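Welcome! Let us take a friendly look at a ligand and its surroundings, after a short stop at a single residue.

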Amino acid sequence: MTFDLFDNLDDPAPANPAPEPLADGAVVLRGLARTNAEALLADVQAVIAAAPLRHMVTPGGLTMSVAMTNCGDAGWVSDARGYRYDRTDPLSGQPWPAMPPRLRALAEEAAALAGFAGFAPDACLVNRYVPGTRLSLHQDRDERDFGAPIVSVSLGLPAVFLFGGMRRAERPQRVRLAHGDVVVWGGPSRLAFHGVAPLADGDHPLLGRARINLTFRKAL
Ligand code: SIN
Ligand code: FE2
């Protein structure tokens with residue numbers, strides 16, 4: 001195992017492959033996605049070129065501040081009819097772009113390191129945050145099978161991830177996620193409430209004033 005101390009100007013801590021426990025069934029894998037982040041981001045840019053980022057509207061009529069798109073067999077969508085997974089991009093009427101193999105491999109590796117061997121994601125939600133963007137506490141519960149974990153990859157500006165319990169009222173932990181950090185939650189934590197605090201301003205060497213988060217799910 002080699003540690004690359006100089007591959008990230010934003011957070012010089014070395015990648016640490018030892019899972020950092022967050023809760024029962026939830027871990028942070030520090031820096032797992034850092035060494036090949038540029039290649040991962042090139043894959044993400046190709047996805048965005050085929051299925052542009054957009055601000056979805058909640059069933060209650062609010063426009064989300066996070067810009068979103070998807071790749072994989074299914075994509076998460078929200079509109080006046082509700083939240084769901086759809087095999088087609090409502091903007092184009094075409095299937096979502098395929099999940100790039102490098103992204104899939106990272107998600108499978110992260111899940112295995114967290115104790116969820118055999119994870120086979122079929123959906124990847126791409127979230128883009130700019131300074132001030134936040135994501136309020138929610139559960140990921142539109143997937144058919146809660147037996148599979150969620151794998152979340154952070155790129156670009158650091159964020160404060162809020163990781164709560166099974167009830168919205170429980171005070172969430174505040175976890176700083178830097179470029180390349182990966183969080184996995186499943187098993188007893190699969191339906192934990194989570195969100196993202198308003199993004200602080202900054203300038204990331206690869207992404208500028210933005211954070212991109214990828215969440216891999218087994219949706220169908
Ligand atoms: C999500 O819950 O979909 C995204 C979480 C994050 O951006 O870290
Ligand atoms: Fe979520």
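## Buried or exposed?

A residue is called buried under 20% relative accessible area, exposed over 50%, and partly exposed in between, using a 1.4 Å probe and protein chains only. A219 counts as buried because its relative accessibility is 4%.

This is a predicted model, where local features need pLDDT of at least 70, side-chain atom pairs count only at pLDDT 80 or more, and totals for chains, interfaces and linings use all residues. Residues are numbered from 1 along each chain as its sequence is written, chains are lettered from A and ligands numbered from 1 in the order in which they are written, and side-chain values use heavy atoms, leaving out hydrogens and water.

## Who surrounds ligand 1?

Around ligand 1 you will find N127, Y129, L135, H138, S152, F161, H194, V196, R211, N213, T215 and R217; a residue is near a molecule if one of its heavy atoms lies within 4 Å of it. Strand β13 gives the largest share of this shell, 4 residues. Strands here are DSSP runs of E, at least two residues long, numbered from the N terminus.

## Polar contacts

Which side chains have an N or O atom paired with an oxygen atom of ligand 1? Y129 does so at 2.5 Å, H138 at 3.1 Å and N213 at 3.3 Å. A polar contact is a pair of N or O atoms within 3.5 Å; within protein, one must be able to donate a hydrogen and the other to accept it, and residues adjacent in sequence count only if both atoms are side-chain atoms.
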